Amino acid sequence: MSHLKQEQKMLVRADDAKDWFYKGEGAANIVLGYCGSSPFLVGKVLRIQKVAKGGSPSPNGCLVLSDHERLIWKDIGELAESTSKDVAATAFIDHVMRNLLDSKHIDAGILVHVSKEFLEAVEGNIESQRPPWRVDASKIDVLCASAFLISDHSIIIGTPKHDFCIAVEIKPKCGFLPTSEYIAEKNAVKRHVTRFKMHQFLKLHQGEISQISGYDPLDLFSGLKDRVHLAITALFASPQNNFRIFLNGSLIFGGLGGSMDETDVRSHKSGEAIADLISACGLQLGSFLELVAEAVFGSGILDRLLATQQLDVLDIEGAIHVYHNIISRPCGVCKNISDAELLHRYSFLHSLSSEDSLKIVREYLIAATAKDCSLMISFSRAADGCNASDCNSVVLKSSNQSYNYKAYFIDLDLKPLEKMGYYYKLDQKIVNFYNMNDENEGKPSISGERRPTQC
């Protein structure tokens, strides 16, 4: 496998730490940008693993997938037999997601060796730049011997220094309403209200966000230009952790992710500031949002993402039963159900063969990755940016200006099988909270005002 061959060619040492700076982080990884002079590394980012404070570091040389996970992914030997999380991640992207989402929109990256001394030096250098709550929760896994080297998709290599490259990161979330027959009648609202909207009310109640977003994933995935534009405008109005803007590779709008660190254009002067920055690139704010919508709509890039999300045909309310088939444990969900009709329906799932069970859970986990990934789209003016052969192009009708753009899916991480129980519990919590808090019974208002609740 070419990725593993390339891994052997490069070792990042302690002396190199000064050339890497903090760019952002998610739940499992920290992303570093490069500011050194190596031609091979210019335009790249390094994604390094984190470990929870007090948690166990990555085991070296041990299989990283559980026995049950190895059964699920047995057809992909490189994945099933992985001895590091990074190798497993590369194999999953290369052998699974690349085929489903189109290889031209996938950058699996390459693995590079990183020394413990490099990781320790980086940790010291970036600690003051990380959000305090992230520092309290996790640290760099200094025993992890490898890291992902990936192209920086917030820039377009070849854009002249006198010009600009502007990029957006969109987290689309789930773009369809489930129709599974295994959804309990008490949860029928799932067939009519998006998971994103329901989760917003719970997040507001828990203090994770300051206001309800007007974004509807169904608009973004609709295939209708006006609705796609509506979705982009709503994401900009309340970006939370779902919309970011980068100018020449630097984050200028949107949160770093996590609790209450969103940029809110209604509570800050962020709207004016971002409008000024975008205007400096020769674009009005409205025109920029129109440009993003045109690229999303014109590229059709979300069609395959939606198809991949729809591999989840049973919804978690069905998949959780099949999960118990795989782990060979009594179903903890069934024992709490008194509805005879539902139990009869679920008994069919528990009678499935091993191969059918493995396929259903495998496709559920793939869909979970597709529901949680991000889309990066970078733009530069067509006259000054990269060659047309390297980019797609879009014309902004309001100004008749052409732009080159590149679009890539990122954050395509393999979801652990052990999270199935968590997915089910969170799903039930979200739906129960939404059902308990209807318009007359304390549902939080759109403005963010909180009313008494029983939850």
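**Close-ups of a predicted model**

**View 1. Q211, a loop residue tucked away.** Q211 sits in the loop that links α7 (195-205) and α8 (217-220). This is a predicted model, as are all the views below. Is Q211 buried or exposed? Its relative accessible area is just 7%, under the 20% cut-off, so Q211 counts as buried. Look also for F201: Q211 and F201 are 10 residues apart in sequence, and their C-alpha atoms are 8.9 Å apart in space.

**View 2. The chain as a whole, for orientation.** Before zooming in again, here's the inventory: the chain has 16 helices and 13 strands. Of its 455 residues, 53% are buried. Take the contacts between residues at least 6 apart in sequence: 70% of them join residues at least 24 apart.

**View 3. Helix α15 and what its buried residues touch.** Helix α15 takes in residues 354-372, which is 19 residues. At 1.5 Å a residue, α15 should span 27 Å, and its end C-alpha atoms are indeed 27 Å apart, so the two agree. Which residues of α15 are buried? They are S357, L358, V361, Y364, L365, I366, A367, A368, T369, A370 and K371. These buried residues pack against α2 (67-72), α4 (85-101), α12 (301-309), α13 (315-327) and α16 (420-436).

**View 4. Where α12 meets α15.** Staying with α15, this close-up picks out its packing with α12. The two helices, α12 and α15, pack at an angle of about 140 degrees, and their axes are 7 Å apart. That angle makes α12 oblique to α15, because roughly antiparallel would take an angle over 145 degrees. On the α12 side, the contact is made by L305, T308 and Q309; on the α15 side, by I366, A367, A370 and K371. As for handedness, α12 passes α15 in a left-handed crossing.

**View 5. Where α13 meets α14.** Here's another helix pair, with its own crossing. Helix α14 covers residues 340-350, and α13 packs with α14 at an angle of about 45 degrees, with the axes 9 Å apart. The pair α13 and α14 is therefore oblique. Which residues do the meeting? From α13 there are E317, G318, H321, V322, H324 and N325, and from α14 there are Y346, L349 and H350. The crossing of α13 past α14 is right-handed.

**View 6. D315, a buried residue of α13.** Still in α13, this view centres on D315, which belongs to that helix. With a relative accessible area of 7%, D315 is buried. What is D315 in contact with, leaving aside its neighbours within four places in sequence? The contacts are P178, S180, I183, K190 and Y364. Y364 may ring a bell: Y364 is one of the buried residues of α15.

**View 7. The buried side of α5.** Helix α5 runs over residues 116-126, and F118, L119, V122 and I126 are its buried residues. Those residues cover an arc of only 95 degrees around the axis, so they lie on the same side of α5. What covers them? The cover includes the strands β1 (11-12), β2 (20-25), β3 (29-34), β4 (44-52), β5 (110-114) and β6 (138-140).

**View 8. Two asparagines with positive phi.** Most residues other than glycine have a negative phi. N248 has a positive one, near 50 degrees. The residue N248 lies in the loop between β9 (243-247) and β10 (250-253), and its relative accessible area of 44% makes N248 partly exposed. N400 also isn't a glycine, yet its phi is positive at about 60 degrees. Look for N400 in the loop between β12 (392-396) and β13 (401-410). At 64% relative accessibility, N400 counts as exposed, because the cut-off for that is over 50%.

**View 9. G77 in α3.** Our last stop is G77, which is in helix α3 (residues 77-80). G77 has a relative accessible area of 40%, so G77 is partly exposed. How many residues apart in sequence are G77 and A91? They are 14 residues apart, and from C-alpha to C-alpha G77 and A91 are 9.1 Å apart in space.

Terms used:
Residues numbered from 1 in each chain as written. Predicted model: local features only at pLDDT ≥ 70, side-chain atom pairs only at ≥ 80, totals over all residues. Heavy atoms only, no water. Helix = DSSP H or I, 4+ residues; strand = E, 2+ residues; numbered from the N terminus. Expected span 1.5 Å × (residues − 1). Buried < 20%, exposed > 50% of the residue type's maximum accessible area, 1.4 Å probe, protein only. Contact = heavy atoms within 4.5 Å. Arc of directions from axis to C-beta. Axes fitted to C-alpha atoms, helices over the stretch in contact; angles between N-to-C directions. Parallel < 35°, antiparallel > 145°, perpendicular 65-115°, else oblique. Left-handed = near helix turned anticlockwise from the far one by under 90°.
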